[in-house]
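Trainee: I should like to understand how the terms used for a protein model are justified. May we go through them one by one?

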Amino acid sequence: MVGEDEAAALDPERIAVGLRARLLARSAQLPVLRRRLWLRPGRRPRWLDVDDLDPARHITSRVVRAGAGLDWAEALREFFDVPLRLDRPPWQLQVLREAEPRAVTGAAAGERTAVLVKLHHALGGEQVAIATLAGLLSDRPAPGLRAVPPVERAHRTRGSPGTGARRLGGAMAELGDTLRAAARTPRPNSPRRHYTLVRLPAGEVRVVARRLGTSTSALLLGLLGEALYRQRAPATGVARRLRTMVPMTARGGPGTVGSEPTSALFDLPVGAMSVRRRIDEVADALDRPGAARSVAARFAVRALGRLPGAAQARFARLVYGGRFFGLVASVLPDWRRELRLLGVLVTSVHPVLPLADGVALAVGYLSWGEVLGVGVTGDSALFPDADGLADNLLGVFAELAGDIRIGRTGELAGRL
């Protein structure tokens with residue numbers, strides 16, 4: 001329940017008006033939000049800076065009331081299902097508030113407010129999106145932080161002579177294996193999506209990962225593999241491994257965010273095994289083949305940039321989708337600084353990932369303060385039970401954390 005004063009502070013149109021003014025004041029520090037794609041027939045696409053940015057076209061507000069014909073889930077679906085327009089900077093923000101009918105409650109009970117943001121993935125990777133979001137929403141943005149679009153900066157790594165050639169050779173071997181295995185034609189996506197947003201305790205997730213001697217990414221992806229196994233185990237012919245694409249972003253220099261987007265492919269174990277073994281196998285997969293495939297992806301992206309525009313589009317549609325992977329999963333960088341929007345604390349952020357062509361499921365994780373937000377995007381026809389998967393994920397973590405809390409770490413391998 002929120003009090004009357006706080007409820008007034010969360011008026012969605014008031015927030016939208018404040019964000020429109022803030023966008024104009026900070027647009028020079030947030031160049032991502034001023035970029036428009038220039039599409040020319042037969043030519044490569046280019047980014048152009050928009051000088052006459054109209055905040056009202058990008059920032060809107062909406063109120064939905066329970067039992068009044070449109071619920072919270074439908075409002076989320078309506079917002080995220082509408083494609084972004086490419087004749088303007090491709091991003092959109094909506095302040096959404098759900099309120100119980102006052103005739104029933106007599107007060108502002110049961111109300112919740114969310115800021116929904118969709119940003120075209122071509123504008124930048126995960127770090128760019130997080131920095132841009134924080135730079136626009138925060139009453140006091142981090143000093144010196146500037147979200148740099150990927151076209152402006154490239155991150156390079158150095159190694160001993162011959163290291164690059166060896167890594168690239170291994171990367172291309174991995175990529176060749178993937179290409180040879182991708183001759184199948186995936187089922188096309190349906191037009192409807194389902195979005196499920198749930199929470200995990202961020203501090204407890206870090207404690208569990210530390211006590212298991214693994215990374216947070218390996219823990220969360222292992223939990224996802226276990227949740228998928230439990231949901232699909234009764235079916236026949238379920239594969240033991242699911243090729244998974246993990247978006248990544250190469251880091252830029254101090255004071256900047258983003259630069260070069262890439263990805264890693266690995267096989268998520270979804271067959272019968274203990275939870276501890278599943279997490280260990282994920283950790284091994286991320287440490288070994290993921291690095292090589294990431295190098296191959298960066299090489300392919302750089303080569304793709306030299307092709308004509310039409311060839312770029314055809315190649316991108318061919319390689320980014322169900323021919324090459326069956327799941328998109330992302331563990332985004334943590335954000336632990338307090339963020340207030342017009343004086344109101346932002347308590348959690350949930351990443352909502354898009355679905356690739358022929359891919360039925362995408363799952364994102366983001367630790368924001370003390371809450372780890374989980375966003376599940378499911379194709380309503382190809383993967384109809386996104387809610388069930390989210391419930392399984394929460395249940396698996398509760399079991400694992402409970403056993404660690406009472407000191408059963410030595411029994412995990414045989415018990416779970």
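**Strand S15 and its surroundings**

Mentor: Let us begin with S15, whose two faces are both covered: Val371, Gly373, Gly375, Thr377 and Asp379 on one side, and Leu372, Val374, Val376 and Gly378 on the other, are all buried. This is a predicted model, in which local features need pLDDT of at least 70, side-chain atom pairs count only at pLDDT 80 or more, and totals for chains, interfaces and linings use all residues. Residues are numbered from 1 along each chain as its sequence is written, and side-chain values use heavy atoms, without hydrogens and water.

Trainee: What makes strand S15 mostly covered?

Mentor: Buried means under 20% relative accessible area, exposed over 50%, and partly exposed in between (1.4 Å probe, protein chains only). Nine of the nine residues of S15 (371-379) are buried, so the strand is called mostly covered.

Trainee: Why are S7 and S15 said to pair?

Mentor: Two strands pair if DSSP finds at least two bridges between them. S7 (residues 193-201) and S15 have nine bridges in the antiparallel sense, and therefore they pair. Within this pairing, Leu197 stands opposite Gly375.

Trainee: How do you know that S14 pairs with S15?

Mentor: Eight bridges join S14 (residues 361-368) to S15, so the requirement of at least two is met. These strands run antiparallel, and Tyr365 stands opposite Val374.

Trainee: Why is the span of helix H13 called close to the expected one?

Mentor: The expected span is 1.5 Å times one less than the number of residues. H13 (residues 386-405) has 20 residues, for which 28 Å is expected, and reaches 29 Å from its first C-alpha to its last; therefore the two are called close.

Definitions and conventions. Helix = DSSP H or I, 4+ residues; strand = E, 2+ residues; numbered from the N terminus.
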